[in-house]
Amino acid sequence: MNSKKSKLNRYFKTIWKSWENHPKLTRGMSILGLLFLSAIAFLSHLGDIGLIDKTEPMFVEAARQMHLTGDWITPYWNGQTRFDKPPLIYWLIVIAFQTVGVNEWGARLPSAIAAILSTFLVFYTLLSFGGLISLETESARTRQRWIGAWWGMAMMALNPAWIAWGRTGVSDMLLASSITISLLTFFLGYAQPKTRQQKGWYFIFYSFAALAVLAKGPIGIILPILIIGGFLIYTKQWQRVLWEMQLLKGSLVFLIIAVPWFVLVTIANGQAYLDTFFGHHNFERFTSVVSNHPGPWFYYFPVILVALLPWSVYLPIAIYQVKFWQIQDLRSQDRSQHLGLFALFWFLIIFGFFSLSATKLPSYILPSIPAGVILISLWGNQRNNIESNQNKISLPFLITGLVNVIILLVLAIASLISPQLVGDDTPNFSQLLESSHLTTLSGIIWFIASGITLYCLLKPQWRRVVWAGNAIGFFAFMGLVALPVGQLLDTQRHLPLRQLSTIVRQVRQPNEPLLVIGIFKPSLVYYTQQTIEFMTYDINQRLLKLFPLNSPVDTVLIITRPKDITKLGLQYSDYQLLKDQGDYQLIRIKVKALLKR
């Protein structure tokens with residue numbers, strides 16, 4: 001046993017020596033690895049499925065309108081102003097449209113690039129400041145930094161939250177990545193006092209904090225202020241660091257980037273913009289429930305568990321490992337050793353802030369994901385260094401490792417029974433999923449991943465790579481299962497609507513209204529390229545208001561479902577069926593027949 005362990009350790013050292021002797025090769029291979037992971041996680045098949053209702057099409061259609069009209073100040077959706085979010089996402093999508101064409105790939109490319117950039121900066125920060133000063137030699141410390149950076153890179157690229165929002169044309173990834181880059185560049189400046197690079201890092205911090213505001217509003221600067229302020233007060237570094245940060249010059253940079261658009265859009269739209277954006281979409285979202293998105297105080301505990309799967313099992317013990325209660329010890333450390341403490345403030349303040357908010361959505365917690373990755377990577381670096389050198393495994397490491405194995409087994413079992421868990425909102429999807437054998441493949445992948453994890457956990461010589469099961473499992477699942485399942489779901493849920501949209505553009509008569517009754521699918525606005533009247537409630541009153549007795553409109557097009565046609569009291573002889581696609585129908589009906597039903 002000791003002989004095998006000794007041989008394996010010598011093997012690892014031999015490999016590392018070859019990497020250590022060729023640092024440029026090490027950096028180059030790491031960058032290639034990052035690009036390869038990013039290509040699979042964020043770019044592969046990015047535009048193969050249609051826009052996902054209901055939020056994504058609103059952002060993308062507003063960007064398309066901006067692209068058509070050339071008005072880069074006031075966003076519009078479905079014939080009305082859209083003041084939900086600031087313009088950064090629209091601007092970047094327009095630039096992508098101008099570069100790669102008006103399509104789903106272009107719509108999602110800004111989010112994908114933002115996810116890749118933030119992943120790279122997490123890797124760079126861990127490589128620079130993720131080592132252990134307790135190690136005897138500089139070579140050992142360098143090796144540990146590389147290992148921690150590689151794991152951090154894998155966790156950033158291979159977690160459900162970063163992948164989901166990194167492949168979606170909404171503003172959430174821009175906010176999360178801008179906050180991530182701003183906070184990490186602050187720390188890179190903080191950890192390198194009295195160096196030429198410090199000033200540059202701080203000015204990048206101000207710039208990306210401003211971009212975070214342009215991505216989603218005041219929250220883009222409020223969160224960094226709370227995180228950095230709390231961290232500096234805790235470390236008693238605030239006076240010195242604030243002086244180093246050149247607040248006056250930095251604030252000027254921030255204002256030059258962040259403020260002009262808000263001034264211009266207010267001049268163009270006046271009080272309507274101020275009331276909608278600052279009043280409804282910022283203040284009211286925090287103090288009251290908006291858009292029917294409530295949640296209990298513990299809402300984000302299961303959210304973060306799922307968002308960071310399968311790595312999240314290590315998060316509690318990683319937080320504990322910081323030992324934040326040892327204030328004097330932490331304050332006495334060199335600044336370069338404060339990455340874990342900074343990540344802890346980052347994670348807890350975002351988690352606590354949105355837990356206090358009355359309106360809750362899973363995407364709100366997204367900016368905390370990089371902090372969780374850093375905490376887990378730092379803890380894993382320390383524990384792997386200890387555990388790999390002794391036969392006896394510590395109880396905390398054993399417990400978290402076994403919980404990791406159990407989670408992987410649960411994912412395997414859930415994969416196998418998933419066809420029975422699919423709801424009935426998408427007809428035939430359960431049968432198609434089962435016949436595709438993708439669920440069986442998913443189950444096999446997670447069973448193998450659990451086996452790898454258990455083997456590495458129990459074998460001291462392999463304990464340093466105990467996370468390999470997670471990385472291999474998630475990588476295989478993403479490439480072989482998740483993307484094909486998404487395409488399969490798209491054919492059943494979204495493709496019929498896109499096909500009906502094509503028919504609408506072909507058959508719609510000049511000035512003929514288009515109604516969508518009983519369903520709210522904003523993607524129809526983008527794909528039909530028409531202004532649509534959505535009617536999901538008070539249909540009678542809205543129809544009478546839309547088509548008064550003296551209305552010159554003769555016929556209307558309606559996209560709806562058979563069951564909603566029945567609810568309207570229409571007989572087959574009342575309308576002309578133009579197309580039946582999936583669960584939806586496109587009909588033409590005379591306004592008089594519609595009002596007399």
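Contact here means that heavy atoms lie within 4.5 Å of each other. The structure is a predicted model, in which local features need pLDDT of at least 70 and side-chain atom pairs count only at pLDDT 80 or more, whereas totals for chains, interfaces and linings use all residues. Residues are numbered from 1 along each chain as its sequence is written, and side-chain values use heavy atoms, with hydrogens and water left out.

**Figure 1. The protein chain as a whole, with its 27 helices and seven strands.** Helices (H or I, at least four residues) and strands (E, at least two) are DSSP runs, numbered from the N terminus. Of the 597 residues in the protein chain, 53% are buried, where buried means under 20% relative accessible area, exposed over 50% and partly exposed in between, with a 1.4 Å probe and protein chains only. Among contacts in the protein chain with a separation of 6 or more, 76% are between residues 24 or more positions apart.

**Figure 2. Surroundings of M478 in helix α22 (residues 468-493).** M478 has a relative accessible area of 5% and is therefore buried. Leaving aside residues up to four places away in sequence, M478 touches I40, A41, I163, R167 and L483. One of these partners, A41, is separated from M478 by 437 residues in sequence, yet the two C-alpha atoms are 7.1 Å apart in space.

**Figure 3. Helix α8 (residues 172-190) and its enclosure.** The 19 residues of α8 reach 27 Å from the first C-alpha to the last, close to the 27 Å expected at 1.5 Å a residue; the expected span of a helix is 1.5 Å times one less than its number of residues. Because 19 of the 19 residues of α8 are buried, this helix is largely enclosed by the rest of the structure.

**Figure 4. The contact of helix α9 (residues 196-216) with helix α10 (residues 219-235).** Two packed helices are described by the angle between their axes and the distance between the axes. The axes of α9 and α10 come within 6 Å and cross at roughly 135 degrees, with axes taken as lines fitted to C-alpha atoms, for helices over the stretch in contact, and angles running from 0 to 180 degrees between N-to-C directions. That angle makes α9 oblique to α10, since angles under 35 degrees count as roughly parallel, over 145 as roughly antiparallel, 65 to 115 as roughly perpendicular and the rest as oblique. From α9 the contact draws on F205, A209, A212, V213 and K216, and from α10 on I219, G220, I221, P224 and I228. These residues divide into eight nonpolar, one polar and one charged, where Ala, Val, Leu, Ile, Met, Phe, Trp, Tyr, Cys and Pro count as nonpolar, Asp, Glu, Lys and Arg as charged, and the others, Gly among them, as polar.

**Figure 5. The contact of helix α14 (residues 300-307) with helix α17 (residues 339-356).** Here the axes come within 11 Å and cross at roughly 135 degrees, and α14 and α17 are therefore oblique to each other. Y300, F301 and I304 of α14 meet F347, F351, F354 and S355 of α17. The residues of this contact comprise six nonpolar, one polar and no charged.

**Figure 6. The bend in helix α12 (residues 247-269).** At V259, α12 bends by about 40 degrees, and a proline, P260, follows within four residues; the bend at a residue is the angle between axes fitted to the seven residues ending there and the seven starting there. At 1.5 Å a residue, the 23 residues of α12 should span 33 Å, and the end C-alpha atoms are 32 Å apart, which agrees. The buried residues of α12 are G250, F254, A258, W261, F262, V265 and N269. Just after α12, G270 takes a positive phi of about 65 degrees.

**Figure 7. Backbone details in four loops, at K54, N78, P310 and K323.** In the loop between α2 (23-43) and α3 (55-69) lies K54, joined to D53 by a cis peptide bond with omega of about 10 degrees. The peptide bond from L309 to P310 is also cis, with omega near -5 degrees, and P310 lies in the loop between α14 and α15 (315-321). N78, in the loop between β1 (76-77) and β2 (80-81), is a residue other than glycine with a positive phi, near 55 degrees, and counts as buried at 13% relative accessibility. K323, in the loop between α15 and α16 (327-332), likewise has a positive phi near 55 degrees, but K323 is partly exposed, with a relative accessible area of 30%.
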